[in-house]
Amino acid sequence: MTKRVVLIGHPVAHSLSGAMQQAAFDALGIGATYEVWDRAPIALAEAVAELRGNDFLGANITIPHKERVVPMIDRQTEDAQATGAVNTITREGKRLIGHNTDVAGFKVALDHLVGKQKMPRQAVVLGAGGGARAVVHGLITEGFQRVIVFNRHLHRAEGLVKHFARSAAHMELRAMPWHDSIIEAELAKTKVLVNATSIGLTGAAIPIAAEILPADLLVLDLIYRRTPLLEAAEASGSRISDGEVMLLHQGAAAFTLWTGQPAPLDVMQSSLVAARAGGVRSAEGEPAGAPGETPADPGSPDAADSPPPGSPTAAVAARD
Ligand code: NDP
């Protein structure tokens, strides 16, 4: 029987994950298909219940369901429990197990970026959504001693810090208000900058002014694109990396969980590049769009809540 893996999100139409996973199944001769299910929140429970059937190996879960799906599964792994978000489901008999492979993907991306240098101990994180939770958990478990989280809506960053209060009890994890002057002061004290906001997904939007970027940072943008932030950081002498490594390795970890086999990384990477070149834009956490279509601009009123005064959205609007 051909097995099935599904990506459940909303909206989700075309997906880089689909191209990458199907290529991996085919390369290893695994009789499985990767399907994309666009399910609104109200239809999520029914879709998840279907995954208990024998024909399913499991699923990927993406925006906006990563947190909502948690009570619908039977057990969570440590990374899923720690982040409060599930991006991969496996099946054991009729029981569903929730995993968060974004954490493993982020750690590989961080290792690539740091290279042979000593792992730094201080980081600044922009954003406080699901991606940022995976990042912060990864930094805590990697042994970072000081992590400062900035977010447009400060209360969400404070909620994130509260969520990790226990696991971060031995170190300094703080939420700070989003102002260029405060970010600039923190960047002067740090080595690693991670952008976990969706600013830069399209257009020329940049989350922070290029002028406040010190030289010699390690800058990781979760977005799978050479964003304006990465361009500015590179121009000021920093080492940079986009979201490709994280996307590839969260997918590889999910593949191994479903199949029990090592993921064919080369095949998956080439298929990502090919799908991207063919116009597929939707990745884990990215808005979906038909090939060649530009997804909703995260700075547009349709895509984001009304920002508080002095928030980075003003900069997004001005720079787009
Ligand atoms: P969420 O929707 O959970 O969070 C979005 C974040 O972006 C929030 O911090 C939000 O701030 C901020 N944001 C969005 N628009 C604006 C704006 N106009 N101005 C200021 N802040 C804004 O998404 P995720 O955390 O899941 O994803 C975030 C990014 O990370 C996406 O671009 C996604 O593609 C990428 N990602 C990449 C992965 C990979 O494997 N490479 C894995 C996971 C995510 P606020 O809370 O104030 O609204």
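**Two sheets, two cores and a set of salt bridges**

Six strands form an open sheet in the order E9-E8-E7-E10-E11-E12, with parallel pairing. Strand E9 (172-177) and strand E12 (239-241) are its edge strands, and each pairs on one side only. From one strand to the next, the twist averages 15 degrees. The model described here is predicted. Within this sheet, six bridges join E8 and E9 in the parallel sense. One contact of this kind involves Val 149, whose bridge partner in E9 is Ala 175.

Helices pack against these strands. H7 lies across E7, E8, E9 and E10, and runs at about 160 degrees to E8. Helix H8 (residues 228-235) also packs on the sheet, where it touches E10, E11 and E12. The direction of H8 makes about 170 degrees with that of E11.

A further open sheet of six strands has mixed pairing and the order E2-E1-E3-E5-E6-E4. Strand E2 (32-38) and strand E4 (75-76) stand at its edges, each with a single partner strand, so one side of each is left without a neighbour in the sheet. Strand E1 (residues 3-9) and E2 run parallel and are joined by seven bridges. Leu 7 has Val 36 as its bridge partner in E2. Helix H9 (residues 244-259) lies across E1, E2, strand E3 (56-61), strand E5 (88-92) and strand E6 (95-99). The helix runs at about 10 degrees to E5.

Two loops around this sheet hold cis peptide bonds. The bond from His 10 to Pro 11 is cis, with omega near -5 degrees. Pro 11 is found in the loop between E1 and helix H1 (16-27). The bond from Ile 63 to Pro 64 is also cis, with omega near 5 degrees. Pro 64 is placed in the loop between E3 and E4.

The largest nonpolar core has 31 residues. Val 125, Leu 139, Val 149 and Leu 173 touch the most other members. Several elements give two or more residues to this core, including helix H4 (101-114), strand E7 (122-126), strand E8 (146-151), helix H6 (154-163), strand E10 (192-195) and strand E11 (218-221). H5 and H9 are also among the elements that do so. Apart from this core lies another, of 23 residues. Its members include Met 20, Ala 32, Ala 252 and Ala 254.

Helix H5 (residues 130-142) has 13 residues, which at 1.5 Å a residue should span 18 Å; its end C-alpha atoms are 18 Å apart, which agrees. Many of its residues are listed as buried: Ala 132, Arg 133, Ala 134, Val 135, Val 136, His 137, Gly 138, Leu 139 and Ile 140. Leaving aside neighbours within four places in sequence, Leu 139 is in contact with Phe 106, Leu 110, Ala 123, Val 125, Phe 144 and Val 147. Just after H5, Gly 143 takes a positive phi of about 95 degrees. Asp 216 has a positive phi too, near 70 degrees, in a residue other than glycine. Asp 216 is found in the loop between E10 and E11. With a relative accessible area of 52%, Asp 216 is exposed.

Side chains of opposite charge can pair when their charged atoms come close. A search of the whole structure finds twelve salt bridges. In one of them, the side chains of Lys 66 and Asp 102 meet at 2.9 Å, N to O. This pair links distant parts of the chain, 36 residues apart: Lys 66 is in the loop between E3 and E4, and Asp 102 is in helix H4. Both Lys 66 and Asp 102 are buried.

Glu 186 and Arg 146 also form a salt bridge through their side chains, at 2.6 Å from N to O. Glu 186 lies in helix H7 (residues 180-187) and Arg 146 in strand E8, so the pair ties together parts that are 40 residues apart in sequence. Glu 186 and Arg 146 are both buried.

A further salt bridge joins Arg 226 and Glu 234, with the closest N and O atoms 2.5 Å apart. Arg 226 counts as partly exposed, at 43% relative accessibility. Glu 234 is likewise partly exposed, with a relative accessible area of 39%. Elsewhere, salt bridges that share partners join Arg 146, Glu 172, Arg 174, Glu 186 and Lys 189 into one network.

Technical notes:
Residues are numbered from 1 along each chain as its sequence is written. This is a predicted model: local features need pLDDT of at least 70, side-chain atom pairs count only at pLDDT 80 or more; totals for chains, interfaces and linings use all residues. Side-chain values use heavy atoms; hydrogens and water are left out. Two strands pair if DSSP finds at least two bridges between them. Helices (H or I, at least four residues) and strands (E, at least two) are DSSP runs, numbered from the N terminus. Contact means heavy atoms within 4.5 Å. Axes are lines fitted to C-alpha atoms, for helices over the stretch in contact, and angles run from 0 to 180 degrees between N-to-C directions. The expected span of a helix is 1.5 Å times one less than its number of residues. Buried means under 20% relative accessible area, exposed over 50%, partly exposed in between (1.4 Å probe, protein chains only). A nonpolar core is a set of buried Ala, Val, Leu, Ile, Met, Phe, Trp, Tyr and Cys residues joined through side-chain atoms within 4.5 Å. A salt bridge is a side-chain nitrogen of Lys or Arg within 4 Å of a carboxyl oxygen of Asp or Glu.
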